[in-house]
Structures are given as C-alpha cells and as structure tokens.
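Welcome, and thanks for taking a look at this one with me. Please keep the view open while you read the points that follow.

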Amino acid sequence: MNNFTPGPPRATKSAPTVFCFICGRQFGSKSIAIHEPQCLKKWHAENEKLPKSKRRAAPVKPDAVIGNDGRIDAEATNEVLWKNSQGLMVECEHCGRKFNEDRLAVHQRSCTAENPAKSVGRSRSKSQTKR
C-alpha cells in the first residue's frame with residue numbers, strides 16, 4: 001500500500017492569527033482587515049451611548065514592531081495589539097474588575113456599591129467550600 005495522500009500538500013501548522021487592537025479577539029490575517037473597521041464602528045456606537053463625561057478618545061492602532069532584520073516581528077506586534085486591547089477595558093467602580101465597555105453595563109446590574117462582585121481568582125475559604 002502507498003502511504004501518500006493524493007493531492008496538494010497539506011499545511012502542517014495552523015495559520016497565524018492577529019489580535020484586534022480594539023476587542024482583543026483573534027482573527028486570520030485576511031479577516032482582521034474586515035473585522036477592525038466593524039469593531040471600531042461598534043466601539044464608536046457604544047461610546048456615543050455614554051454620558052459626555054465618560055466618553056473616551058477613539059482607540060488608535062499601534063504600529064507594527066520591526067525586528068532587527070528589518071521585517072515585521074509578528075509575535076511582538078501581536079503582543080502590542082493585545083496589550084492595547086486590554087488597556088481599553090473599563091474598570092468597574094464597585095469591584096475593580098475590568099470589562100469591555102459594552103459589557104460593563106451588564107456586569108453592573110449585579111455588582112453594586114452595597115454588594116460588589118467577588119474578585120475572580122481568589123480561593124474560597126474553608127467554610128465556603130463544598131463538602
């Protein structure tokens with residue numbers, strides 16, 4: 001028997017992805033060009049809903065990181081894009097957690113000054129653990 005698969009060679013590793021500098025989600029290198037204008041449009045729509053005192057300046061896409069060889073360093077550029085998206089998150093005034101701007105209102109339905117949400121990542125005390 002022949003162990004060769006007919007047809008063109010198949011890719012051995014997945015295609016590289018790029019982070020959106022606004023929302024932090026990952027997209028293929030071709031899809032990101034379609035996503036970013038739509039994401040920015042959504043960002044503007046959400047920002048317009050806020051009171052004027054809470055509106056923020058529009059996000060600006062960071063420049064690509066150029067490596068020592070003069071080519072774009074995809075990994076370093078992705079890191080910069082990710083950090084930019086994380087910097088756009090808004091902190092909850094009650095519990096201090098950070099959310100995308102459009103998700104903060106949903107969170108604050110249950111997180112109030114009288115009853116702030118518990119911090120994520122803390123271990124529960126022995127009295128709270130299930131037995």
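**Notes on cysteines and salt bridges**

1. A word before we start: what you have in front of you is a predicted model. Residue numbers count from 1 along the chain as its sequence is written.

2. Let us begin with the cysteines. How many disulfides does the model hold? The count comes to 0. Cys20 takes part in no disulfide, and the cysteine sulfur nearest to that of Cys20 belongs to Cys23, 3.7 Å away. A disulfide needs two cysteine sulfur atoms within 2.5 Å, so this pair does not qualify.

3. Cys111 is worth a visit too. Why is Cys111 without a bond to Cys92? The closest cysteine sulfur to that of Cys111 is the one in Cys92, and because 3.7 Å lies between them, they are too far apart for a bond.

4. Are these two cysteines, Cys20 and Cys111, buried or exposed? Cys20 has a relative accessibility of 0% and counts as buried. Cys111 is buried as well, with a relative accessible area of 1%. The cut-off behind the word is under 20%.

5. Now to the charged side chains. Side chains of opposite charge can pair when their charged atoms come close. The structure holds 6 salt bridges, and three of these are described below.

6. Please find Lys61 and Glu36, whose side chains meet in a salt bridge with 3.1 Å from N to O. Which parts of the chain does this pair link? Lys61 sits in the loop between α1 (31-49) and α2 (74-87), while Glu36 is in helix α1; the two are 25 residues apart, and the pair links distant parts of the chain. As for their surroundings, Lys61 is partly exposed at 43% relative accessibility, whereas Glu36 is buried at 12%.

7. Next comes the salt bridge between Glu93 and Lys54, where the closest N and O atoms are 4.0 Å apart. Glu93 belongs to the loop between β3 (90-91) and β4 (98-99) and Lys54 to the loop between α1 and α2, so this pair ties together parts that lie 39 residues apart in sequence. Glu93 is exposed, with a relative accessibility of 59%.

8. Finally, look along helix α2, which holds both Lys83 and Glu79. Their side chains form a salt bridge, 3.8 Å from N to O. How many residues separate the partners? They are 4 residues apart, about one turn of the helix. Lys83 counts as exposed at 54% relative accessibility, and Glu79 as partly exposed with a relative accessible area of 41%.

Definitions and conventions: Predicted model: local features only at pLDDT ≥ 70, side-chain atom pairs only at ≥ 80, totals over all residues. Heavy atoms only, no water. Buried < 20%, exposed > 50% of the residue type's maximum accessible area, 1.4 Å probe, protein only.
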